[in-house]
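Hello,

Here is the structure I promised to pass on to you. Have a look at it first, and then read on for what turned up.

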Amino acid sequence: MTNHIADMPISRLGFGAWAVGGAGWRYTWGPTDDAESIAAIHAAAEHGVTWIDTAAVYGLGHSEALVGRAVAALAEADRPFVFTKAGLVWDDAHPDAAPSRVMRPESLRREVDGSLRRLGVDRIDLYQVHWPDTGESLDWNGDGGSASPNATPLAEYWAEMAALRQEGKVRAIGLSNHDVAQLDVAHAIARIDAIQPPFSALDRSAASEVRWAAEHDVAVITYSPMQSGLLTGAFSAERVAALSPDDWRRGNPAFTVELERNLRVVEALRPIAARRGVSIGAVAVAWVLAWPGISGAIVGAKTPAQVAEWAPAARLELDSAELASIAAALVGSEAGIGPVGPAATPAV
């Protein structure tokens with residue numbers, strides 16, 4: 001597998017900056033300390049991580065600003081590539097409200113300029129559409145399956161993304177959370193450099209998108225390989241109850257009604273971690289990286305210590321017996337959806 005996005009060589013692991021957005025927004029991960037967050041980003045770079053993934057909406061701009069400060073403090077030769085996303089627009093007057101999925105060309109232009117300013121860069125290395133446009137709140141579930149009249153067509157917003165690449169405002173463009181049918185439409189209009197689906201042992205639903213990307217020579221960077229911390233071995237019902245009141249995981253089904261079956265999968269990872277001398281989270285991330293077609297995985301951290309826990313995943317190759325034991329646990333627990341082991345998919 002070659003790890004490239006456009007002409008950028010990338011490490012197998014990327015730093016996910018969603019967890020360093022701080023408090024005061026709808027999907028907070030609880031309070032954070034900016035100095036410690038910057039130290040975590042620097043620690044990731046020291047461990048060989050060559051890219052950071054963020055989004056304008058994380059912390060309502062705060063994550064991008066923090067990433068900008070962290071990158072600027074590094075020597076130019078050590079600075080990681082910076083990836084960010086557009087399409088989730090918030091209301092500053094109502095930070096707790098769900099952002100809206102908006103990709104109108106004029107909105108996209110405002111967003112890219114805002115991201116460039118907060119990041120303190122002249123060009124964004126990878127600019128991604130966060131979600132397909134609906135023109136509605138992120139909470140909106142549709143109206144009988146019909147599209148909202150406020151939605152911007154995929155062909156329109158993808159053409160605008162391609163124009164940003166052509167103009168040099170961004171180096172590469174990608175799609176996050178888009179399905180195979182949408183990828184087909186976009187790729188016929190302009191080259192897709194990368195896709196970003198969720199992927200973990202508890203969520204294999206994007207296996208078709210990973211296969212599509214391999215067939216079209218498109219890079220895949222996955223998010224939530226540790227299922228938002230659930231696959232670290234640190235969670236129990238008591239730990240969930242002790243989360244910060246504004247931590248979104250307190251009400252998420254994976255951490256509540258599905259917790260018991262999910263923890264059965266964690267127990268299957270535990271002996272592998274002990275035998276390999278790594279953290280349970282590192283095994284969970286290595287499982288994702290074992291899938292042909294996946295170029296890299298985004299892993300978050302609030303502190304340098306958390307980075308040290310998952311960094312070994314970049315070098316960890318699970319053997320067939322270990323993959324089989326994890327597959328058996330997924331079948332037995334009925335946790336998650338999708339194939340239970342790496343598919344025979346051509347590598348990117």
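Which residue takes a positive phi just after α3? That is glycine 120, with a phi of about 70°. Please keep in mind as you read that this is a predicted model.

On confidence, the protein chain has an average pLDDT of 92, and 95% of the residues score at least 70. The stretch to treat with care is residues 344-348, where pLDDT stays under 50; the model has 17 contacts for it beyond four places in sequence.

Back to α3 itself. This helix covers residues 105-119, 15 residues in all. From its first C-alpha to its last it reaches 21 Å, close to the 21 Å expected at 1.5 Å a residue. Its buried residues are Pro105, Ser107, Leu108, Glu111, Val112, Gly114, Ser115, Leu116 and Leu119. They pack against several elements, among them α2 (62-72), β8 (124-129), α4 (154-167) and β9 (170-176). The strands β5 (81-86) and β6 (88-89) are also included in that packing.

Next, have a look at strand β12, residues 296-300. Five of its five residues are buried. In a regular strand the side chains alternate between the two faces of the sheet. Here both faces are covered: Gly296, Ile298 and Gly300 are buried on one side, and Ala297 and Val299 on the other.

The strand partners of β12 are worth tracing too. Strand β3 (residues 13-16) pairs with β12 in the parallel sense, over four bridges. Strand β11 (residues 219-222) also runs parallel to β12, joined to it by two bridges. Alanine 297 appears in both pairings: it is the bridge partner of leucine 13 and also of threonine 222.

The loop between β12 and α10 holds threonine 303. Is threonine 303 buried or exposed? It counts as buried, because its relative accessibility is 18% and the cut-off for buried is under 20%. Leaving aside residues up to four places away in sequence, threonine 303 touches Glu36 and Ala40.

Helix α9 (residues 280-289) is another mostly covered element, with ten of its ten residues buried. Among them are Ile280, Val283, Val285, Trp287 and Leu289. The cover over these buried residues includes β3, β11 and β12, along with the helices α8 (259-276), α10 (304-310) and α11 (320-333).

Trp287 leads on to the aromatic rings. A search of the whole structure finds five aromatic pairs. One of them joins tryptophan 287 and tryptophan 291, whose ring centres are 5.5 Å apart with 65° between the planes, an edge-to-face arrangement. Tryptophan 287 is buried, with a relative accessible area of 1%, and tryptophan 291 also counts as buried, at 2% relative accessibility. Ring pairs link these two tryptophans with Phe199 into a cluster.

One more ring to look at is phenylalanine 235. Arginine 239 lies over its face, at 4.5 Å from the ring centre.

If you have the model open, a good route is to start at glycine 120, just after α3, then go to alanine 297 in β12, the partner of leucine 13, and end at the cluster of Phe199, Trp287 and Trp291.

Happy viewing, and best wishes

Technical notes. Residues are numbered from 1 along each chain as its sequence is written. This is a predicted model: local features need pLDDT of at least 70, side-chain atom pairs count only at pLDDT 80 or more; totals for chains, interfaces and linings use all residues. Side-chain values use heavy atoms; hydrogens and water are left out. Buried means under 20% relative accessible area, exposed over 50%, partly exposed in between (1.4 Å probe, protein chains only). Two strands pair if DSSP finds at least two bridges between them. Rings of Phe, Tyr and Trp (its six-membered ring) pair if their centres lie within 6.5 Å; planes under 30 degrees apart count as stacked, over 60 as edge-to-face and the rest as tilted. A charge sits over a ring if NZ of Lys or CZ of Arg is within 6 Å of the ring centre and within 35 degrees of the ring normal. pLDDT is the predictor's confidence in each residue, from 0 to 100. Contact means heavy atoms within 4.5 Å. The expected span of a helix is 1.5 Å times one less than its number of residues.
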